[in-house]
Amino acid sequence: MTVQTGEGGSRPGAGSGPGPGPGSGRGAGARPRRRDRHGRGLRGQLVPPGVPLYRSRSQQFDDLVLEAVARLEPRWETELSDVEFAVQEVPDADDMGDDGVPLARIVRGSPDTSDPGNPATAPRIVLFRRPLLARAEDEDELSELVFDVIVEEFARLLGIDPGDVDPGYSDGD
């Protein structure tokens with residue numbers, strides 16, 4: 001009896017029952033498969049790079065964050081250069097408060113450089129992707145929501161009014 005291995009070769013004496021066994025390719029000494037189980041080769045790209053589906057949803061969300069920061073850069077370039085932006089899927093349990101699920105948080109940096117064990121870190125604005133996605137109806141609304149949250153958190157970081165950061169900002173949406 002012979003069994004096809006998917007690599008064009010055959011192994012004599014391989015059993016036909018289910019589960020791992022000699023010749024099944026699943027044992028401790030088995031070589032990795034070079035082709036899929038139907039012998040058609042590995043799957044390639046599903047979409048070409050120019051198509052919007054090429055980027056994952058999380059990568060598209062990251063792009064929205066970068067675009068929002070870029071909208072603030074002409075006016076706040078110096079202040080923004082000291083701030084890091086990050087995206088986290090959901091808030092940690094200790095971020096939850098009585099006000100509901102937060103959309104973002106600020107991680108204050110440590111400017112102290114005297115302790116080599118605790119180097120200086122920049123302040124960071126962390127946006128929570130899933131809560132923001134849940135509050136937006138479409139891509140345009142999500143883009144504006146991300147921008148508004150960044151404006152609010154950046155203003156809190158600077159200790160100023162969000163209207164001073166972006167004159168078009170309105171708190172009464």
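Biologist: What covers the buried residues of helix H3?
Modeller: This is a predicted model. In H3, the buried residues include Leu142, Val146, Phe147, Val149, Ile150 and Phe154. Their cover includes helix H1 (57-80), strand S3 (84-88), strand S4 (104-107), strand S5 (124-128), helix H2 (129-135) and helix H4 (162-165).

Biologist: How many residues does H3 have, and what does it reach from its first C-alpha to its last?
Modeller: Helix H3 runs over residues 139-158. The span expected at 1.5 Å a residue is 28 Å. The helix comes close to that value: it has 20 residues and reaches 28 Å.

Biologist: Which residue caps the N-terminal end of H3?
Modeller: Look at the backbone nitrogen of Asp140. A side-chain oxygen lies 3.4 Å from that nitrogen. The oxygen belongs to the capping residue, Asp138.

Biologist: Which residue takes a positive phi just after H3?
Modeller: Helix H3 covers residues 139-158. Just after it, the phi is about 75°. The residue is Gly159.

Biologist: Which aromatic residues form a pair, and is it stacked or edge-to-face?
Modeller: The structure holds one aromatic pair. Trp76 and Phe154 form it, with 5.8 Å centre to centre and 80° between the planes. Planes over 60 degrees apart count as edge-to-face. So the pair Trp76 and Phe154, at 80°, is edge-to-face.

Biologist: How many residues apart are Trp76 and Phe154?
Modeller: Trp76 is in helix H1 and Phe154 in helix H3. Trp76 is buried, and Phe154 is buried too. The pair links distant parts of the chain, 78 residues apart.

Biologist: Which residues does Glu79 contact, leaving aside its neighbours within four places in sequence?
Modeller: Glu79 is found in helix H1. Its relative accessible area is 31%, so it counts as partly exposed. Between Glu79 and Leu158 there are 8.5 Å, C-alpha to C-alpha, although they are 79 residues apart in sequence. Its contacts are Phe154 and Leu158.

Biologist: Which residue lies over the face of Phe147?
Modeller: Phe147 is one of the buried residues of H3. The residue over its face lies at 3.6 Å from the ring centre. That residue is Arg71.

Biologist: Is Glu153 buried or exposed?
Modeller: Glu153 sits in helix H3. Not counting residues up to four places away in sequence, it touches Ala104, Arg105, Ile106 and Ile125. Its relative accessibility is 8%, and under 20% counts as buried. So Glu153 is buried.

Biologist: Which residue does Glu153 meet in a salt bridge?
Modeller: An α-helix has 3.6 residues a turn, so residues three or four places apart point the same way. Glu153 and its partner both lie in helix H3, three residues apart, about one turn of the helix. The N to O distance is 3.3 Å. The partner is Arg156.

Biologist: Which residues are linked with Glu89 in a network of salt bridges?
Modeller: The count of salt bridges comes to five. Glu89 meets Arg129 at 2.8 Å, N to O. With Arg130, the closest N and O atoms of Glu89 are 3.0 Å apart. The residues in the network with Glu89 are Arg129 and Arg130.

Biologist: Which parts of the chain does the pair of Glu89 and Arg130 tie together?
Modeller: Glu89 is partly exposed, at 32% relative accessibility. The two residues are 41 apart in sequence. Glu89 lies in the loop between S3 and S4 and Arg130 in helix H2, so the pair ties together that loop and helix H2.

Methods
Residues are numbered from 1 along each chain as its sequence is written. This is a predicted model: local features need pLDDT of at least 70, side-chain atom pairs count only at pLDDT 80 or more; totals for chains, interfaces and linings use all residues. Side-chain values use heavy atoms; hydrogens and water are left out. Helices (H or I, at least four residues) and strands (E, at least two) are DSSP runs, numbered from the N terminus. The expected span of a helix is 1.5 Å times one less than its number of residues. Buried means under 20% relative accessible area, exposed over 50%, partly exposed in between (1.4 Å probe, protein chains only). Contact means heavy atoms within 4.5 Å. A polar contact is a pair of N or O atoms within 3.5 Å; within protein, one must be able to donate a hydrogen and the other to accept it, and residues adjacent in sequence count only if both atoms are side-chain atoms. Rings of Phe, Tyr and Trp (its six-membered ring) pair if their centres lie within 6.5 Å; planes under 30 degrees apart count as stacked, over 60 as edge-to-face and the rest as tilted. A charge sits over a ring if NZ of Lys or CZ of Arg is within 6 Å of the ring centre and within 35 degrees of the ring normal. A salt bridge is a side-chain nitrogen of Lys or Arg within 4 Å of a carboxyl oxygen of Asp or Glu.
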